[in-house]
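Here are my notes on the model, point by point. Please read them with the structure open.

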Amino acid sequence: MTSEIHCDSLWHGADIVTMRDGKYHIISNGAIAVRDGKIAWIGEEANMPVLAAAKTVRFSGGILTPGLIDCHTHLVFGGNRSGEFEQRLNGVSYAEIAAQGGGIISTVKATRDAEEALLFEQAQSRLQPLLAEGVTCVEIKSGYGLTPQSELKMLRVARQLGHQLPVEVKTTCLAAHALPPEYAGRADDYIDLVCHTIIPEAAAAGLADAVDAFCEHLAFSPAQVERVFNAATQAGLPVKLHAEQLSALGGSTLAARHHALSADHLEYATAEDAAAMAASGTVAVLLPGAYYMLRETQCPPVELFREHGVAMAIASDANPGTSPALSLRLMINMACTLFRLTPEEALAGVTLHAAKALGLQASHGSLEVGKVADFVHWPLARPAELAYWLGGQLPCTVIFRGEVRQ
Ligand code: DI6
Ligand code: FE
C-alpha cells in the first residue's frame, strides 16, 4: 500500500542545484515538496512518492538554487561617504579627509545623530536590491554607534528589518569596530565599555546573535580582541573577526582559537592561519567589494584555503566607506574574476558556506530534506550564469519559508 505524503506545496519543472556539501549536486527535472516551511521531500520528479500537495507550482525549465545568503554586511548606517569618494578622486588625501572629521568617524557621527526610524528606512532601501536578486538571509552588524545607546539602536534596527521584511536577519555586535573620538588615546578603556556594558546589554536584550571586532593597526590589537571574545563567550555568543585585511596580525589564528564562526577579509592571512581555521572549522569570508574599492593588490590566499580545506564564503561587506555594494551577485562575479574562485566555489560561498559563517548550516544554505524552504528559481541554463552576467537584474522568483515572496 502506498502511503500518501501530505505537504503544503510542490515545486517542479526545473533542475535543482542543491549545493549539498558545497557542490552543485544537480538534480535534473527535480521536485521539492514543502511542509511547514521546510523541505519535506526533494529528488527527481520521476522518483517522487505519491504526494498530496495543497498547491503545485510548475516551472518551465530553468534552475532552482538555495536562497542566497549575504553573511557580512554593515547595512545600517547614517549618511553616506560619496562626498569623500569624490574628494579623494579629486586629489584630497585620506589624511586630509580624516583631519576634517571624515572617514569612519563621520559615519559614526551621522549614525549617532539619526533617529531609529530614519536608519530603518535607509537600511531598508539598501536591503531591497539584495532581496530582489535572491537574498533570503542577511547578517547585519552594528559598529557605527560606539556607545551603549547607539550600538543597541543599530541592533534594534537590524532586528526590525528581520521582523518587517521577508528575510532572515542575523545580527552581530561590532562595538569594537573603531575607537570613538571621545576615547582617543584610551583604547583599553573603550574595550572595558565594550566588554562590561555593550556586549552584556546587547546579549541581555536578545539583540545580538554574534560578536565581531576589527583587528588591525588602525583599530584594535589581538590582545584587545581577545578581551572582546572572552566577554562574548561569557555572554553566550559566538564570535567572528575582521582579520588580516591590511596587515598580518594573526587575528584569524586568534579567532580560530576561540572557535570563531568566521574570519573575514583575510588578504594577508598565512598558511598558519589557514591551518588554524581548518582545525576549528572557521569559515574564511572573502569580501571582493572592499578589495576592489580600496584597489588592494594582495588577494586572499585562496589556494591555501583550498589546500587546508577551509570553507570559503563570499559577502558584500556593504558599508559606506570601503564597500558601498548593493549586489551580492556582483560579488560572486568579482570573487571569480578577482580572487579566481570557480563559479561553483563562489555559489557555495553565498549559500552553504555563508550559512556556516552564521552558524546556520544545519537549517540553511543547501536544498536538503529538513532544511528551511528558502530557494530561488532562475530562468537560466546553468548555475555559472549567476557568476557570469555582470550587473543588471536577472529575473528570478524567490521562495521564502515555502511561500513566493512578492
Ligand atoms: N573593514 C572595513 O573595510 C570597514 N570596516 C571594517 O571593519 C570600513 C568601514 C568604514 O570605512 O565605514
Ligand atoms: Fe566589514
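**Notes on the predicted model**

1. Start with the cysteines. C173 is buried, because its relative accessibility is 2%, under the 20% cut-off. The model is a predicted one, and every value below should be read in that light.

2. Why is C173 not in a bond with the closest cysteine sulfur? The partner to check is C195, and its sulfur is 10 Å from that of C173, which is too far for a bond. The cut-off for a disulfide is 2.5 Å between the sulfur atoms. C336 is in no disulfide either: the nearest cysteine sulfur belongs to C299 and is 13 Å away. C336 counts as buried because its relative accessible area is 15%. The disulfide count for the model is zero.

3. Next, the nonpolar core. In soluble globular proteins, nonpolar side chains tend to be buried together. Here the largest nonpolar core has 99 residues. Which of them touch the most other members? They are L127, L161, Y190, L286 and F305. Helix α6, residues 187–204, gives the most to this core, with eight residues.

4. L286 merits a look of its own. Neighbours within four places in sequence are set aside here. L286 is then in contact with H265, P300, V302, F305 and M312. The list goes on with A313, I314, A315, F339 and L341. F305 appears again, as one of the core residues that touch the most other members.

5. Now the largest pocket. Its space comes to about 840 Å³. The lining has 31 residues, and those closest to the centre are R81, Y94, I104, L218 and T322. By class, the lining holds 16 nonpolar, ten polar and five charged residues.

6. Which helices each supply at least two residues of that lining? They are α1 (82–89), α2 (94–99), α3 (104–113) and α10 (288–293). Helix α1 gives the most, with four residues.

7. The second largest pocket has about 240 Å³ of space. Its lining is made of 16 residues, with F77, N80, N319, P320 and P324 nearest the centre. Eight of the lining residues are nonpolar, four are polar and four are charged. Helix α1 again gives the most, with four residues. Please check α1 in both views: this helix is the top contributor to the largest pocket and to the second largest pocket.

8. One residue of α1 is worth a separate check. E84 lies in that helix. Is E84 buried or exposed? E84 counts as buried because its relative accessibility is 11%, against a cut-off of 20%. Apart from neighbours within four places in sequence, E84 is in contact with I97, G102, G103 and S106.

9. Last, the enclosed space. How many cavities of 30 Å³ or more does a search of the whole structure find? The search finds one. The largest cavity has about 60 Å³ of space. Its lining includes G67, I69, T136 and C137. From further along the chain come S363, H364, G365, S366, K371, V372 and D374. By class, this lining has three nonpolar, six polar and two charged residues.

Methods
Residues are numbered from 1 along each chain as its sequence is written. Chains are lettered from A and ligands numbered from 1 in the order in which they are written. This is a predicted model: local features need pLDDT of at least 70, side-chain atom pairs count only at pLDDT 80 or more; totals for chains, interfaces and linings use all residues. Side-chain values use heavy atoms; hydrogens and water are left out. On a 1 Å grid over the protein atoms alone, a cavity is a set of points where a 1.4 Å probe fits but cannot get out, and a pocket is an open set with protein on both sides within 12 Å along at least five of seven lines; lining residues have an atom within 4 Å of a point. Grid points are joined across faces, edges and corners, and a volume is the space filled by probe spheres set on the points. Ala, Val, Leu, Ile, Met, Phe, Trp, Tyr, Cys and Pro count as nonpolar, Asp, Glu, Lys and Arg as charged, and the others, Gly among them, as polar. Buried means under 20% relative accessible area, exposed over 50%, partly exposed in between (1.4 Å probe, protein chains only). Contact means heavy atoms within 4.5 Å. A nonpolar core is a set of buried Ala, Val, Leu, Ile, Met, Phe, Trp, Tyr and Cys residues joined through side-chain atoms within 4.5 Å.
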